[in-house]
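Dear colleague,

I am passing on the structure below, and I would be glad if you could read it alongside the notes that come after it.

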Amino acid sequence: MQRIGSGYDIHRLVPGRKLVLGGETIPFDKGLLGHSDADVLVHAACDALLGAAGMGDIGEHFPDTDPRYRDAYSIDLLTTVYRRVKTCGFVLINMDATVFAQEPRISPHKNRMAARMAAGMSVDHRLINIKATTTEGLGVIGQGEGIAAMCVVMLQSTTPETGE
């Protein structure tokens, strides 16, 4: 059995925080505001994995009301999510993600982000594809107020189908 999941996240850019995307610190004069490190790419990936496995969403597993997740490194959350997904009998076939940012340029960092995310899940980096685009100046992303990401994953069941 194969299952598909999707995830989306957006956070506001603010001064005084580091910008973390795909587990990589990106040089920029602003960072994303959030309870954890606000890594929209990893959060979208977590939601996609959880959705494909039928396990809810990231907020259910790591609520922003829980002080344990304050300033959490989102790759650690991804590691936990993928471990839970595997415990439910699924493995990653592939992940395809898009980061939406007017600036900074994301393309020079894509390979390192994919490698860091793959390492967090202990999977081959070739299973993860990251793309980046702008919104051509439109909306909150185009005005430089935030960064968003969306992600789609396909999982394969590791248990035989029973037909029940």
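The notes below cover the nonpolar core, an aromatic pair and the largest pocket.

This is a predicted model, in which local features need pLDDT of at least 70 and side-chain atom pairs count only at pLDDT 80 or more, while totals for chains, interfaces and linings use all residues. Residues are numbered from 1 along each chain as its sequence is written, and side-chain values use heavy atoms, with hydrogens and water left out.

The largest nonpolar core (buried Ala, Val, Leu, Ile, Met, Phe, Trp, Tyr and Cys residues joined through side-chain atoms within 4.5 Å) has 48 residues, among which Leu21, Leu49, Met95 and Met117 touch the most other members. The element that gives the most to this core is α1, with 10 residues; helices (H or I, at least four residues) and strands (E, at least two) are DSSP runs, numbered from the N terminus. Leaving aside residues up to four places away in sequence, Met117 touches Gly22, Leu41, Val42, Ala45, Ile75, Leu78, Met95, Ile128 and Ile130, where contact means heavy atoms within 4.5 Å.

Phe62 and Tyr69 form an aromatic pair (ring centres within 6.5 Å, the six-membered ring being used for Trp; planes under 30 degrees apart are stacked, over 60 edge-to-face and the rest tilted), and this pair is edge-to-face, at 5.2 Å centre to centre with 85° between the planes. Phe62 is buried at 9% relative accessibility, and Tyr69 is buried at 14% (buried is under 20% relative accessible area, exposed over 50%, partly exposed in between, with a 1.4 Å probe and protein chains only).

Phe62 also belongs to the lining of the largest pocket, being one of the residues that lie nearest its centre, together with Ser36, His43, Ile58 and Asp64. A pocket here is an open set of points on a 1 Å grid over the protein atoms alone, where a 1.4 Å probe fits, with protein on both sides within 12 Å along at least five of seven lines, and lining residues have an atom within 4 Å of a point.

With best regards
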